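Got your viewer open? Let's walk through this one stop at a time, selecting as we go.

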Amino acid sequence: MNFVQFQVAPGGCLTGQLRVPGDKSISHRALLFGAIASGQTTVTGFLESQDCLATLAAVRALGARVVHDNARWLIDGVGAAGLKEPAKALDLGNSGTSMRLLAGLVAGQSFTTRLTGDESLCRRPMSRVIDPLTLMGASVASKHGRAPLEIQGRRPLVAIDYTPPVASAQIKSCILLAGLFAQGTTTVHEPGVSRDHTERMLAGFGVPVEREGAQVSVIGGATLNAIDVSVPADLSSAAFFLVGAAIADGSDLWLTDVGTNPTRRGVLDCLTRMGAAITCHNAREVAGEPVADLRVGASTLTAIEIGAADVELAIDELPALCIAAACAQGTTRISGAAELRVKESDRIAVMADGLAALGVHAEVYDDGMAITGGTTGQVFTGGRIASHGDHRIAMAFAMAGLRASGSIVIDDCAPVATSFPDFEALAAKAGLAITRQ
Ligand code: S3P
(Lines give C-alpha, C1' and ligand atoms only; values in the text may rest on other atoms or scores of the structure.)
Protein backbone atom coordinates (compact mmCIF):
# COMPACT_ATOMS: atom_id res chain seq x y z
CA MET A 1 0.00 0.00 0.00
CA ASN A 2 1.20 3.48 -0.86
CA PHE A 3 1.35 4.99 2.63
CA VAL A 4 2.02 8.72 2.67
CA GLN A 5 2.11 10.78 5.83
CA PHE A 6 2.22 14.59 6.12
CA GLN A 7 4.09 16.16 9.01
CA VAL A 8 3.38 19.79 9.70
CA ALA A 9 5.55 21.75 12.11
CA PRO A 10 3.70 24.45 14.06
CA GLY A 11 3.55 28.11 13.12
CA GLY A 12 4.36 30.14 10.03
CA CYS A 13 2.20 32.11 7.64
CA LEU A 14 1.32 32.07 3.94
CA THR A 15 2.70 34.72 1.62
CA GLY A 16 3.49 35.29 -2.05
CA GLN A 17 1.61 34.37 -5.18
CA LEU A 18 0.56 30.98 -6.46
CA ARG A 19 -1.70 29.28 -8.94
CA VAL A 20 -3.30 26.13 -7.61
CA PRO A 21 -3.89 23.37 -10.20
CA GLY A 22 -6.81 23.27 -12.61
CA ASP A 23 -10.43 22.78 -11.69
CA LYS A 24 -11.31 19.11 -11.21
CA SER A 25 -14.98 19.35 -12.24
CA ILE A 26 -14.17 21.29 -15.40
CA SER A 27 -11.28 18.96 -16.33
CA HIS A 28 -13.53 15.87 -16.13
CA ARG A 29 -16.18 17.51 -18.27
CA ALA A 30 -13.70 18.69 -20.92
CA LEU A 31 -12.63 15.06 -21.43
CA LEU A 32 -16.13 13.60 -21.48
CA PHE A 33 -17.63 16.18 -23.84
CA GLY A 34 -14.49 16.33 -25.99
CA ALA A 35 -14.68 12.55 -26.44
CA ILE A 36 -18.15 12.68 -28.01
CA ALA A 37 -17.63 15.90 -29.97
CA SER A 38 -16.83 16.18 -33.65
CA GLY A 39 -13.31 17.50 -34.15
CA GLN A 40 -10.35 18.12 -31.87
CA THR A 41 -10.90 19.67 -28.45
CA THR A 42 -7.85 21.29 -26.84
CA VAL A 43 -7.60 21.65 -23.09
CA THR A 44 -5.14 23.93 -21.31
CA GLY A 45 -4.76 23.99 -17.55
CA PHE A 46 -6.10 20.42 -17.30
CA LEU A 47 -5.81 18.97 -13.80
CA GLU A 48 -3.44 16.02 -14.06
CA SER A 49 -4.66 14.43 -10.85
CA GLN A 50 -5.55 10.79 -10.27
CA ASP A 51 -9.29 11.44 -10.51
CA CYS A 52 -9.07 13.24 -13.85
CA LEU A 53 -6.53 10.74 -15.15
CA ALA A 54 -9.08 8.02 -14.35
CA THR A 55 -11.61 9.78 -16.59
CA LEU A 56 -8.91 10.21 -19.21
CA ALA A 57 -8.12 6.47 -19.22
CA ALA A 58 -11.86 5.74 -19.40
CA VAL A 59 -12.50 7.91 -22.46
CA ARG A 60 -9.46 6.33 -24.14
CA ALA A 61 -10.86 2.88 -23.36
CA LEU A 62 -14.13 4.03 -24.92
CA GLY A 63 -12.31 4.87 -28.14
CA ALA A 64 -11.34 8.56 -27.97
CA ARG A 65 -7.73 9.46 -28.77
CA VAL A 66 -6.26 11.79 -26.14
CA VAL A 67 -2.66 13.01 -26.32
CA HIS A 68 -0.50 15.42 -24.40
CA ASP A 69 1.19 18.09 -26.45
CA ASN A 70 3.15 20.99 -25.03
CA ALA A 71 1.10 21.62 -21.88
CA ARG A 72 -2.14 21.05 -23.79
CA TRP A 73 -4.28 17.95 -23.95
CA LEU A 74 -5.77 17.17 -27.33
CA ILE A 75 -8.92 15.07 -27.57
CA ASP A 76 -9.93 13.67 -30.92
CA GLY A 77 -13.67 13.33 -30.52
CA VAL A 78 -15.37 10.29 -32.01
CA GLY A 79 -18.78 11.97 -32.34
CA ALA A 80 -21.96 11.04 -30.52
CA ALA A 81 -22.20 7.64 -32.22
CA GLY A 82 -18.52 6.73 -32.20
CA LEU A 83 -17.78 5.27 -28.76
CA LYS A 84 -16.86 1.59 -28.60
CA GLU A 85 -17.30 -1.10 -25.99
CA PRO A 86 -14.35 -1.08 -23.57
CA ALA A 87 -12.33 -4.30 -23.38
CA LYS A 88 -12.45 -4.41 -19.57
CA ALA A 89 -14.04 -2.72 -16.58
CA LEU A 90 -13.25 0.99 -16.27
CA ASP A 91 -11.46 1.48 -12.95
CA LEU A 92 -12.29 4.96 -11.70
CA GLY A 93 -10.23 4.78 -8.52
CA ASN A 94 -11.52 7.22 -5.91
CA SER A 95 -13.51 9.42 -8.29
CA GLY A 96 -17.24 9.81 -7.75
CA THR A 97 -17.46 12.40 -10.53
CA SER A 98 -15.90 9.97 -13.04
CA MET A 99 -18.27 7.20 -12.08
CA ARG A 100 -21.50 9.16 -12.00
CA LEU A 101 -20.87 11.17 -15.16
CA LEU A 102 -19.57 8.18 -17.11
CA ALA A 103 -22.63 6.21 -16.02
CA GLY A 104 -24.77 8.77 -17.88
CA LEU A 105 -22.52 8.71 -20.92
CA VAL A 106 -22.38 4.92 -21.32
CA ALA A 107 -26.10 4.45 -20.60
CA GLY A 108 -26.78 5.88 -24.06
CA GLN A 109 -24.47 3.48 -25.91
CA SER A 110 -25.44 0.26 -27.60
CA PHE A 111 -23.01 -1.83 -25.55
CA THR A 112 -22.31 -2.86 -21.96
CA THR A 113 -19.81 -1.06 -19.71
CA ARG A 114 -18.55 -2.04 -16.28
CA LEU A 115 -17.55 0.74 -13.89
CA THR A 116 -15.59 0.04 -10.75
CA GLY A 117 -13.40 1.89 -8.26
CA ASP A 118 -11.51 1.73 -4.99
CA GLU A 119 -12.95 0.72 -1.64
CA SER A 120 -14.17 4.23 -0.83
CA LEU A 121 -15.89 4.69 -4.20
CA CYS A 122 -17.54 1.26 -3.93
CA ARG A 123 -19.06 2.36 -0.60
CA ARG A 124 -20.68 5.50 -2.02
CA PRO A 125 -24.37 5.65 -3.02
CA MET A 126 -25.04 5.05 -6.70
CA SER A 127 -28.83 4.53 -6.62
CA ARG A 128 -29.07 8.26 -7.18
CA VAL A 129 -27.84 7.67 -10.74
CA ILE A 130 -29.06 4.08 -11.19
CA ASP A 131 -32.70 5.10 -10.64
CA PRO A 132 -32.96 7.80 -13.32
CA LEU A 133 -30.86 5.82 -15.81
CA THR A 134 -33.14 2.83 -15.32
CA LEU A 135 -36.16 5.06 -15.96
CA MET A 136 -34.46 6.14 -19.18
CA GLY A 137 -34.23 2.51 -20.29
CA ALA A 138 -30.67 1.48 -19.40
CA SER A 139 -30.18 -1.72 -17.47
CA VAL A 140 -27.91 -1.23 -14.47
CA ALA A 141 -26.68 -4.06 -12.26
CA SER A 142 -25.05 -3.03 -8.98
CA LYS A 143 -24.13 -4.34 -5.57
CA HIS A 144 -27.15 -3.11 -3.61
CA GLY A 145 -26.96 0.35 -5.18
CA ARG A 146 -23.18 0.54 -5.01
CA ALA A 147 -20.34 0.01 -7.48
CA PRO A 148 -19.22 -2.04 -9.32
CA LEU A 149 -21.89 -1.13 -11.87
CA GLU A 150 -22.63 -3.01 -15.05
CA ILE A 151 -24.52 -0.77 -17.43
CA GLN A 152 -26.21 -2.21 -20.44
CA GLY A 153 -26.84 0.81 -22.58
CA ARG A 154 -29.80 1.48 -24.78
CA ARG A 155 -30.07 3.65 -27.83
CA PRO A 156 -32.06 5.75 -27.97
CA LEU A 157 -32.80 6.26 -24.30
CA VAL A 158 -36.18 7.51 -23.14
CA ALA A 159 -36.26 11.21 -22.21
CA ILE A 160 -37.36 11.89 -18.62
CA ASP A 161 -38.54 14.70 -16.43
CA TYR A 162 -36.78 14.09 -13.14
CA THR A 163 -36.29 15.57 -9.69
CA PRO A 164 -33.25 14.05 -7.95
CA PRO A 165 -33.52 13.30 -4.22
CA VAL A 166 -30.63 15.67 -3.41
CA ALA A 167 -29.06 18.70 -5.07
CA SER A 168 -26.08 17.18 -6.85
CA ALA A 169 -24.18 18.26 -9.94
CA GLN A 170 -23.06 14.68 -10.42
CA ILE A 171 -26.64 13.39 -10.64
CA LYS A 172 -27.73 16.32 -12.80
CA SER A 173 -24.77 15.90 -15.15
CA CYS A 174 -25.30 12.14 -15.39
CA ILE A 175 -28.90 12.66 -16.49
CA LEU A 176 -28.05 15.46 -18.91
CA LEU A 177 -25.30 13.35 -20.49
CA ALA A 178 -27.74 10.47 -20.90
CA GLY A 179 -30.28 13.00 -22.19
CA LEU A 180 -27.98 13.72 -25.14
CA PHE A 181 -28.70 10.14 -26.25
CA ALA A 182 -32.46 10.18 -25.54
CA GLN A 183 -35.38 10.74 -27.83
CA GLY A 184 -36.97 14.05 -26.87
CA THR A 185 -36.32 16.53 -24.08
CA THR A 186 -34.79 15.44 -20.79
CA THR A 187 -35.37 17.81 -17.88
CA VAL A 188 -33.82 17.87 -14.43
CA HIS A 189 -35.56 19.84 -11.66
CA GLU A 190 -32.95 20.66 -9.06
CA PRO A 191 -34.04 20.46 -5.43
CA GLY A 192 -31.29 22.98 -4.62
CA VAL A 193 -28.36 24.69 -6.30
CA SER A 194 -25.48 22.59 -7.60
CA ARG A 195 -22.49 23.57 -9.72
CA ASP A 196 -23.42 24.38 -13.32
CA HIS A 197 -20.20 23.56 -15.20
CA THR A 198 -22.01 20.96 -17.31
CA GLU A 199 -24.60 23.46 -18.51
CA ARG A 200 -21.95 26.08 -19.28
CA MET A 201 -19.61 23.71 -21.08
CA LEU A 202 -22.31 21.91 -23.07
CA ALA A 203 -23.45 25.32 -24.31
CA GLY A 204 -19.82 26.04 -25.26
CA PHE A 205 -19.78 22.81 -27.30
CA GLY A 206 -22.83 24.14 -29.14
CA VAL A 207 -25.55 22.11 -27.41
CA PRO A 208 -28.73 24.07 -26.73
CA VAL A 209 -29.22 23.89 -22.95
CA GLU A 210 -32.41 25.40 -21.64
CA ARG A 211 -32.31 26.77 -18.11
CA GLU A 212 -35.27 28.17 -16.29
CA GLY A 213 -34.98 28.68 -12.56
CA ALA A 214 -34.11 25.37 -10.98
CA GLN A 215 -34.85 23.47 -14.17
CA VAL A 216 -32.44 22.46 -16.91
CA SER A 217 -33.20 20.62 -20.17
CA VAL A 218 -31.38 19.15 -23.14
CA ILE A 219 -32.80 17.73 -26.34
CA GLY A 220 -31.47 14.36 -27.44
CA GLY A 221 -29.48 14.04 -30.63
CA ALA A 222 -27.57 17.33 -30.44
CA THR A 223 -24.12 17.44 -32.01
CA LEU A 224 -21.17 18.65 -29.95
CA ASN A 225 -18.59 20.69 -31.83
CA ALA A 226 -15.00 20.63 -30.52
CA ILE A 227 -13.79 23.75 -28.71
CA ASP A 228 -10.75 25.06 -26.82
CA VAL A 229 -11.23 24.73 -23.07
CA SER A 230 -9.11 26.80 -20.69
CA VAL A 231 -9.43 25.37 -17.20
CA PRO A 232 -9.29 27.88 -14.32
CA ALA A 233 -7.51 27.15 -11.03
CA ASP A 234 -9.73 25.10 -8.73
CA LEU A 235 -11.50 27.14 -6.03
CA SER A 236 -11.83 23.94 -3.99
CA SER A 237 -8.03 23.63 -3.90
CA ALA A 238 -7.58 27.37 -3.34
CA ALA A 239 -9.91 27.06 -0.33
CA PHE A 240 -7.20 25.46 1.83
CA PHE A 241 -4.91 28.41 1.16
CA LEU A 242 -7.70 30.96 1.70
CA VAL A 243 -8.32 29.45 5.13
CA GLY A 244 -4.61 29.04 5.92
CA ALA A 245 -3.83 32.67 5.11
CA ALA A 246 -6.92 33.95 6.95
CA ILE A 247 -5.99 32.16 10.20
CA ALA A 248 -2.23 32.79 10.25
CA ASP A 249 -0.82 36.09 11.49
CA GLY A 250 1.43 37.80 8.97
CA SER A 251 -0.16 36.13 5.93
CA ASP A 252 -0.68 37.97 2.66
CA LEU A 253 -1.30 35.63 -0.25
CA TRP A 254 -2.36 35.99 -3.88
CA LEU A 255 -4.11 33.09 -5.60
CA THR A 256 -4.30 33.65 -9.34
CA ASP A 257 -6.78 32.55 -12.05
CA VAL A 258 -9.23 31.04 -9.59
CA GLY A 259 -12.66 29.93 -10.82
CA THR A 260 -15.34 31.97 -9.06
CA ASN A 261 -18.45 30.39 -10.56
CA PRO A 262 -21.48 31.61 -8.52
CA THR A 263 -22.57 28.01 -7.92
CA ARG A 264 -19.24 27.34 -6.19
CA ARG A 265 -18.69 30.62 -4.32
CA GLY A 266 -19.91 29.50 -0.91
CA VAL A 267 -16.45 29.31 0.61
CA LEU A 268 -15.72 32.91 -0.37
CA ASP A 269 -19.04 34.10 1.03
CA CYS A 270 -18.72 32.15 4.30
CA LEU A 271 -15.14 33.27 4.92
CA THR A 272 -16.04 36.87 4.12
CA ARG A 273 -18.97 36.67 6.56
CA MET A 274 -16.53 35.36 9.17
CA GLY A 275 -14.44 38.49 8.61
CA ALA A 276 -11.71 37.12 6.35
CA ALA A 277 -9.87 39.80 4.39
CA ILE A 278 -10.45 38.42 0.89
CA THR A 279 -10.53 40.64 -2.15
CA CYS A 280 -11.26 39.75 -5.78
CA HIS A 281 -9.17 41.33 -8.54
CA ASN A 282 -9.16 41.29 -12.32
CA ALA A 283 -12.53 39.51 -12.51
CA ARG A 284 -12.97 38.13 -16.02
CA GLU A 285 -14.64 35.35 -17.97
CA VAL A 286 -12.54 32.55 -19.45
CA ALA A 287 -14.14 29.87 -21.66
CA GLY A 288 -17.58 30.54 -20.20
CA GLU A 289 -16.47 30.49 -16.55
CA PRO A 290 -15.90 33.45 -14.23
CA VAL A 291 -12.30 33.74 -13.01
CA ALA A 292 -10.49 36.17 -10.70
CA ASP A 293 -7.27 36.66 -8.76
CA LEU A 294 -7.88 36.47 -5.02
CA ARG A 295 -5.91 38.22 -2.30
CA VAL A 296 -6.25 37.01 1.27
CA GLY A 297 -4.63 38.26 4.42
CA ALA A 298 -4.51 37.38 8.10
CA SER A 299 -7.86 38.15 9.69
CA THR A 300 -9.74 38.08 12.98
CA LEU A 301 -12.58 35.63 12.41
CA THR A 302 -16.01 35.44 14.04
CA ALA A 303 -18.35 32.43 14.18
CA ILE A 304 -21.23 32.27 11.68
CA GLU A 305 -24.22 30.05 10.89
CA ILE A 306 -23.57 27.87 7.84
CA GLY A 307 -26.94 26.59 6.58
CA ALA A 308 -28.14 24.36 3.74
CA ALA A 309 -27.96 27.16 1.17
CA ASP A 310 -24.29 27.81 2.03
CA VAL A 311 -23.50 24.09 2.05
CA GLU A 312 -24.81 23.63 -1.51
CA LEU A 313 -22.41 26.30 -2.72
CA ALA A 314 -19.48 25.03 -0.66
CA ILE A 315 -20.04 21.29 -0.64
CA ASP A 316 -16.34 20.41 -1.03
CA GLU A 317 -15.01 23.25 1.13
CA LEU A 318 -16.62 22.30 4.45
CA PRO A 319 -13.48 20.57 5.81
CA ALA A 320 -11.49 23.76 5.21
CA LEU A 321 -14.30 25.87 6.68
CA CYS A 322 -14.22 23.71 9.84
CA ILE A 323 -10.58 24.72 10.34
CA ALA A 324 -11.57 28.38 9.93
CA ALA A 325 -14.42 27.85 12.42
CA ALA A 326 -11.97 26.51 15.00
CA CYS A 327 -10.08 29.82 14.69
CA ALA A 328 -13.21 32.02 14.90
CA GLN A 329 -14.58 33.61 18.05
CA GLY A 330 -17.79 31.88 19.14
CA THR A 331 -19.61 28.79 17.95
CA THR A 332 -20.01 28.13 14.22
CA ARG A 333 -23.00 25.93 13.45
CA ILE A 334 -23.12 23.92 10.25
CA SER A 335 -26.49 22.41 9.29
CA GLY A 336 -28.10 20.93 6.18
CA ALA A 337 -24.85 19.12 5.42
CA ALA A 338 -25.91 15.45 5.52
CA GLU A 339 -24.39 14.95 2.04
CA LEU A 340 -20.97 15.31 3.69
CA ARG A 341 -21.49 11.89 5.20
CA VAL A 342 -21.36 10.21 1.77
CA LYS A 343 -18.31 11.93 0.29
CA GLU A 344 -14.88 10.28 0.05
CA SER A 345 -15.25 9.77 3.82
CA ASP A 346 -17.95 10.66 6.34
CA ARG A 347 -16.66 14.22 6.51
CA ILE A 348 -18.77 15.18 9.53
CA ALA A 349 -17.48 12.33 11.71
CA VAL A 350 -13.92 12.46 10.41
CA MET A 351 -13.58 16.25 10.82
CA ALA A 352 -15.04 16.11 14.35
CA ASP A 353 -12.62 13.31 15.34
CA GLY A 354 -9.68 15.20 13.86
CA LEU A 355 -10.63 18.43 15.62
CA ALA A 356 -10.93 16.51 18.90
CA ALA A 357 -7.45 15.00 18.34
CA LEU A 358 -6.16 18.60 18.17
CA GLY A 359 -8.04 19.74 21.28
CA VAL A 360 -10.98 21.50 19.59
CA HIS A 361 -14.49 20.58 20.65
CA ALA A 362 -17.09 19.90 17.97
CA GLU A 363 -20.60 18.72 18.69
CA VAL A 364 -21.87 16.40 15.96
CA TYR A 365 -25.41 16.24 14.53
CA ASP A 366 -26.87 14.06 11.80
CA ASP A 367 -26.65 16.90 9.30
CA GLY A 368 -23.79 19.00 10.60
CA MET A 369 -21.84 20.11 13.64
CA ALA A 370 -21.12 22.99 15.97
CA ILE A 371 -17.50 24.05 16.42
CA THR A 372 -16.43 26.31 19.24
CA GLY A 373 -13.42 28.32 18.20
CA GLY A 374 -10.89 30.66 19.68
CA THR A 375 -9.20 33.65 18.11
CA THR A 376 -5.95 34.09 19.92
CA GLY A 377 -2.72 32.16 19.89
CA GLN A 378 -2.48 28.49 19.15
CA VAL A 379 -5.98 27.13 18.78
CA PHE A 380 -4.88 23.57 18.00
CA THR A 381 -2.60 21.28 19.97
CA GLY A 382 -0.26 19.01 18.07
CA GLY A 383 -1.59 15.55 17.36
CA ARG A 384 -2.19 12.77 14.93
CA ILE A 385 -5.00 12.84 12.38
CA ALA A 386 -6.58 9.89 10.60
CA SER A 387 -7.55 11.32 7.20
CA HIS A 388 -9.40 8.11 6.27
CA GLY A 389 -7.83 8.44 2.84
CA ASP A 390 -9.85 11.59 2.15
CA HIS A 391 -7.83 14.19 0.25
CA ARG A 392 -9.77 17.19 1.53
CA ILE A 393 -9.55 16.10 5.16
CA ALA A 394 -5.77 15.75 4.85
CA MET A 395 -5.30 19.18 3.26
CA ALA A 396 -7.64 20.92 5.70
CA PHE A 397 -5.76 19.59 8.73
CA ALA A 398 -2.41 20.48 7.17
CA MET A 399 -3.49 24.14 7.39
CA ALA A 400 -4.28 23.73 11.11
CA GLY A 401 -0.50 23.55 11.62
CA LEU A 402 -0.35 27.32 11.12
CA ARG A 403 -2.18 27.78 14.44
CA ALA A 404 -0.96 24.72 16.35
CA SER A 405 1.24 24.48 19.43
CA GLY A 406 2.87 21.21 18.32
CA SER A 407 3.47 19.11 15.24
CA ILE A 408 0.54 17.61 13.38
CA VAL A 409 0.96 14.23 11.74
CA ILE A 410 -1.64 13.29 9.13
CA ASP A 411 -1.94 9.66 8.07
CA ASP A 412 -2.99 8.15 4.76
CA CYS A 413 -2.36 11.20 2.56
CA ALA A 414 -1.62 9.48 -0.77
CA PRO A 415 -5.17 10.33 -1.99
CA VAL A 416 -4.29 14.05 -1.93
CA ALA A 417 -3.04 13.27 -5.44
CA THR A 418 -6.63 12.59 -6.52
CA SER A 419 -7.27 16.33 -6.65
CA PHE A 420 -4.09 18.25 -5.83
CA PRO A 421 -0.86 16.48 -6.86
CA ASP A 422 1.45 19.40 -5.95
CA PHE A 423 -0.14 20.28 -2.64
CA GLU A 424 2.86 19.89 -0.31
CA ALA A 425 5.23 21.67 -2.69
CA LEU A 426 2.91 24.64 -3.18
CA ALA A 427 2.00 24.82 0.50
CA ALA A 428 5.68 24.72 1.50
CA LYS A 429 6.48 27.42 -1.04
CA ALA A 430 3.80 29.64 0.49
CA GLY A 431 5.21 29.10 4.01
CA LEU A 432 3.59 26.00 5.54
CA ALA A 433 6.20 23.86 7.33
CA ILE A 434 5.00 20.64 5.70
CA THR A 435 7.01 17.55 4.83
CA ARG A 436 5.98 14.23 3.39
CA GLN A 437 7.13 10.87 4.71
C1 S3P B 1 -18.82 17.45 -8.44
C2 S3P B 1 -19.97 17.59 -7.73
C3 S3P B 1 -20.04 17.52 -6.26
C4 S3P B 1 -18.66 17.59 -5.62
C5 S3P B 1 -17.65 16.78 -6.35
C6 S3P B 1 -17.52 17.24 -7.80
C7 S3P B 1 -18.89 17.54 -9.92
O8 S3P B 1 -20.66 16.31 -5.88
O9 S3P B 1 -18.73 17.21 -4.28
O10 S3P B 1 -16.37 16.89 -5.74
O11 S3P B 1 -17.84 17.72 -10.57
O12 S3P B 1 -19.99 17.43 -10.47
P13 S3P B 1 -22.27 16.24 -5.78
O14 S3P B 1 -22.74 16.76 -7.06
O15 S3P B 1 -22.63 14.80 -5.62
O16 S3P B 1 -22.63 17.06 -4.58
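Before the first selection, one cut-off: a residue is called buried when its relative accessible area is under 20%. Keep in mind too that this is a predicted model.

**Stop 1: helix α5.** Select residues 169-179, which make up α5. By that cut-off, the buried residues here are A169, Q170, I171, K172, S173, C174, I175, L176, L177, A178 and G179. That is 11 of the 11 residues in α5, so the helix is largely enclosed by the rest of the structure. Now zoom in on the start of α5, where a side-chain oxygen of S168 comes within 3.2 Å of the backbone nitrogen of Q170.

**Stop 2: the ligand.** Stay with S168, because its side chain has a second thing to show: an N or O atom there is 3.0 Å from an oxygen atom of the ligand. Show the ligand and its surroundings: K24, S25, R29, T97, S168, A169, Q170, R195, I315, D316 and K343. Two other side chains are worth a distance label. In S25, an N or O side-chain atom sits 2.7 Å from a ligand oxygen, and D316 places a polar side-chain atom 2.6 Å from an oxygen of the ligand. On its own the ligand has 390 Å² of accessible area, and the protein covers 95% of that. If you draw pockets, the ligand takes up the space of the largest one. Colour by element and you'll see that α1 (24-35) and α5 each give two or more residues to this shell. Which one gives the most? It's α1, with 3 residues.

**Stop 3: D196.** Go next to the loop between β13 (185-189) and α6 (197-204), and pick D196. Is D196 buried or exposed? It counts as buried, at 4% relative accessibility. Beyond its close sequence neighbours (those within four places), D196 is in contact with K172, R211, N261 and T263. You have met K172 already, among the buried residues of α5.

**Stop 4: S299.** Select the loop between β19 (289-297) and β20 (301-302), where S299 lies. With 17% relative accessibility, S299 counts as buried. Its side chain has a polar atom 2.7 Å from the backbone oxygen of G297. Leaving out residues up to four places away in sequence, S299 touches A246, G275, A276 and A277.

**Stop 5: R114.** Move to strand β7 (residues 112-116) and click R114. This one is partly exposed, at 41% relative accessibility. Outside the four places either side in sequence, the contacts of R114 are A87, K88, A89, L90, L149 and E150.

**Stop 6: backbone oddities.** Finish with the backbone torsions. As background, most peptide bonds are trans, and most residues other than glycine have a negative phi. Check the bond from A147 to P148: this peptide is cis, with omega near 5°, and P148 belongs to the loop between β8 (139-141) and β9 (149-152). Then try R155 and P156, joined by a cis peptide bond with omega about -5°; P156 is in the loop between β9 and β10 (157-158).

For positive phi, look at H144, at about 50°, back in the loop between β8 and β9. H144 counts as exposed, with 76% relative accessibility. Last pick: N70, with phi near 50°, in the loop between β4 (65-69) and β5 (72-78). N70 is exposed too, at 71% relative accessible area.

Definitions and conventions:
Residues numbered from 1 in each chain as written. Predicted model: local features only at pLDDT ≥ 70, side-chain atom pairs only at ≥ 80, totals over all residues. Heavy atoms only, no water. Helix = DSSP H or I, 4+ residues; strand = E, 2+ residues; numbered from the N terminus. Buried < 20%, exposed > 50% of the residue type's maximum accessible area, 1.4 Å probe, protein only. Contact = heavy atoms within 4.5 Å. Near = heavy atom within 4 Å. Polar contact = N/O pair within 3.5 Å; in protein donor to acceptor, adjacent residues only side chain to side chain. Areas by Shrake-Rupley, 256 points an atom, 1.4 Å probe, with all protein chains shown as cover. 1 Å grid on protein atoms, 1.4 Å probe; cavity = no way out; pocket = protein on both sides within 12 Å on 5 of 7 lines; lining within 4 Å. Sits in = over half its atoms within 2 Å of the grid points.
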